[in-house]
Amino acid sequence: MVALSEATGPVAGDRRLRARRATLALGGLVLVAAWAALATGAAGVSLPQALGRLVTGAGLTLQEQVVLWEIRLPRLVTGLCVGAALAVSGAVMQGLFRNPLADPGLVGVGAGAGLGAVTAIVLGGLLPPALAALAGIYTVPIAAFLGGWAATLILYRVSTRAGRTSVATMLLAGIALGALAGAVTGLLVYAADDQQLRDLTFWGLGSLAGASWPKLAVAAPVMLLAMAGTLWLARGLNGLALGEAAAAHLGVPVQRMKNLAILAVAAATGAAVAVSGGIGFIGIVVPHLLRLATGPDHRYLLPNAALLGAALLVGADIVARSVIAPAELPIGIVTALMGAPVFLWILLRRRGVVDL
Amino acid sequence: MLEAHDITVHLGKRRILHGLSLAAAPGEVTVILGPNGSGKTTLLRAVTGDVPAGGRIALDGADPRRLRPWELARRRAVLAQFARLAFPFTVLEVVRLGAEAAGEIGAAAAARARAALARVDLAGYEGRLYQELSGGEQARVQLARALAQVWEPKGPEGPRWLFLDEPVASLDVAHQLQVMEIAADYARQGGGVIAVMHDLTLTALFADRVVLLEAGRVAAEGPTAEVIRADRLARVYGCRIDVTTAGDPPRLIVTPVPERRGAAAGARAGG
Ligand SMILES: Nc1ncnc2c1ncn2[C@@H]1O[C@H](COP(=O)(O)OP(=O)(O)OP(=O)(O)O)[C@@H](O)[C@H]1O
Ligand SMILES: [Mg+2]
């Protein structure tokens, strides 16, 4: 008791101060990760060079400038946005389903978004030319969003009855959705040409290698907007922890909040998948660690998750680029290697505490 | 004033409430009694706007089903019969949710949460994790959360209301008394209290008015002493119930009586 109240800050049980300090620390971590990401790489631009001359460009060879501006920087920004979007999506989804195991990647939302993206890549040419011209470079992100949104809706309808979510049903529905998306993706592979096939493989494992400014220009605003929208959800998600009825008693417009949460998760996940493919476990590991450290209050959990997710994914990308340099690993492999054991550990620890 | 006229509720394919009416005044503790499944929780959920209901409902002149959620949250708080918490919030954080629903923020919200916890005899529990409390402690935290939401019994919009579904079901005898006293105090200060109860003696001690439900209908309604009568209770609950008066000042004592007196009760009383 005494130890706990000391550990929780000046007022017993009040973890706001600790959460705010964590925000500062995580902000610092993001800066460090970004610095390291710019400085690491096959083309050998050293850290002082990168840092001192990034802005002016002076003193860098043309090749070095291209490496920094056209490869590392878009890749870094993509990593930051995707990491933040995945972590926030996970936290929102867990709040919505009232369960720490819900994650867009695990329960089929990522698969749905991937299916949308793959469909757009392979069959995009079949769109009426007028519509294709209108959608333009937005075709793949929009399709990914629609796929993620449909998957989230189906998932919520299937697994939630009378305001209570059955986790077993949710995970099983996630398996079914994942299998369905996998099968349809497999079908589309037969219709794909060589270039499309290369793009398809990329969805499977997830990678930041395809990052570019034009792609970011489409996806980043969607991710940022979706994340900003979730700030409005924070108090409602806190209330929802007590159940839908109790949340309504606390004055939360529950139905509207749920709709917005589903929309935000689908948009953020869809945009993330559109630029980087299926990257798993960020959405489950990051919120879980933060809940352990500073508690489940979503007003702090969501922004902190964005920061930690961004730092973690950029860190994973550095690992992915370094271990077998000059070749690189798909980043999805790195996040799975880090995340899957943590996920198992969560399951182990929670047994008996929370009913599945 | 809470007024409900001709309330009908369907759940699934079944009709649960058959056009019943109810009136409760602020300044009084109104207790809803009735056997398991008679519709007490459903009635409470109907008047708090949780389930779709036919009929007219007015909480101080406003239909709770038409008020915006946050407006309604400032007029009434609800203690549900069952509560589950999804994430490891501390006790203080849970109670603070109530204070924040009332518009309090920052240090003021935390201060009100601490006061509400002290009110239910849980001072010193602020830093504990809610999920690691005993059942009765959790129930008292939930009551503190409801209290923190409607802390002042009277607000600018009128009286505030506490809807309590079996507030003492999991409490020891001392805390049962304490919770009922909190409810009675709240009413004495001008707030409204509607409590679903199973304990007839506590009801007799603390209720100003009683509504007795039977299979989705009102079997009796009125001042406590008029409703708590042996013959009526026996008929509605389907067992023998003695109602006696004892003590000074005189109080109603309600005792269920086993059918086969000789076997259990008689032997235990010493023959
Ligand atoms: N979601 C539901 N769907 C269908 N029927 C329901 C539902 N909830 C409750 N009922 C039924 O409605 C009736 C009234 O239930 P209610 O919960 O209001 O009873 P209660 O008087 O509060 O009982 P208790 O003393 O056990 O709490 C019961 O017969 C119950 O089976
Ligand atoms: Mg009940």
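**Figure 1. Polar contacts across the interface of chain A and chain B.** Between chain A and chain B, 12 residue pairs are in polar contact, with both partners at pLDDT 80 or more. Everything shown here and in the views that follow belongs to a predicted model. On the chain A side, the elements that give two or more residues to the surface touching chain B are α4 (62-97), α10 (213-240), α11 (244-249) and α14 (298-322). Of these, α11(A) gives the most, with 3 residues. If you sort the chain A residues of this interface by class, you will find 13 nonpolar, 9 polar and 12 charged.

**Figure 2. The extent of the interface.** Here we step back to take in both partners. In chain A, 34 residues are in contact with 34 residues of chain B. Together the two chains bury about 2900 Å² between them, and 58% of that area is on carbon and sulfur atoms.

**Figure 3. Salt bridges between the chains.** The rule finds 4 salt bridges across the interface of chain A and chain B, while the structure holds 17 over all chains. One to look for is the pair B:Arg96 and A:Asp297, whose side chains meet in a salt bridge at 3.5 Å, N to O. B:Arg96 sits in helix α3 (residues 91-101) of chain B, and A:Asp297 in the loop between α13 and α14 of chain A, so this pair joins two chains. Another salt bridge to find brings together the side chains of B:Glu100 and A:Arg299, with 2.9 Å from N to O.

**Figure 4. The shell around ligand 1.** Which residues come closest to the ligand? Of the 14 residues that surround ligand 1, the closest are B:Asn36, B:Gly37, B:Lys40, B:Thr41 and B:Thr42. Two elements of chain B, β2 (14-24) and α1 (40-47), each supply at least two residues of this shell. The largest share, 3 residues, comes from α1(B). By class, the shell around ligand 1 is made up of 3 nonpolar, 8 polar and 3 charged residues.

**Figure 5. Oxygen atoms of ligand 1 and their protein partners.** This view picks out three residues of chain B. An N or O atom in the side chain of B:Asn36 is 2.9 Å from an oxygen atom of ligand 1. For B:Gly37, the partner is a backbone N or O atom, 2.8 Å from an oxygen atom of the ligand. B:Thr42 places a polar side-chain atom 2.5 Å from an oxygen atom of ligand 1. On its own, ligand 1 has 640 Å² of accessible area, and the protein covers 66% of this.

**Figure 6. A cis peptide bond in chain B.** Look for the bond that joins B:Asp248 and B:Pro249: this peptide is cis, with omega about 0°. B:Pro249 lies in the loop between β12 (240-246) and β13 (251-257) of chain B.

**Figure 7. A positive phi in chain A.** The last view turns to the backbone at A:Phe281. Although A:Phe281 is not a glycine, this residue has a positive phi of about 75°. Its place is in the loop between α12 (254-276) and α13 (282-294) of chain A.

Terms used. Residues are numbered from 1 along each chain as its sequence is written. Chains are lettered from A and ligands numbered from 1 in the order in which they are written. This is a predicted model: local features need pLDDT of at least 70, side-chain atom pairs count only at pLDDT 80 or more; totals for chains, interfaces and linings use all residues. Side-chain values use heavy atoms; hydrogens and water are left out. Contact means heavy atoms within 4.5 Å. Buried area is the accessible area (1.4 Å probe) that two parts lose on being put together, summed over both. A polar contact is a pair of N or O atoms within 3.5 Å; within protein, one must be able to donate a hydrogen and the other to accept it, and residues adjacent in sequence count only if both atoms are side-chain atoms. Helices (H or I, at least four residues) and strands (E, at least two) are DSSP runs, numbered from the N terminus. Ala, Val, Leu, Ile, Met, Phe, Trp, Tyr, Cys and Pro count as nonpolar, Asp, Glu, Lys and Arg as charged, and the others, Gly among them, as polar. A residue is near a molecule or strand if one of its heavy atoms lies within 4 Å of it. Accessible areas come from the Shrake-Rupley method with a 1.4 Å probe; for residues, only the protein chains shown count as cover.
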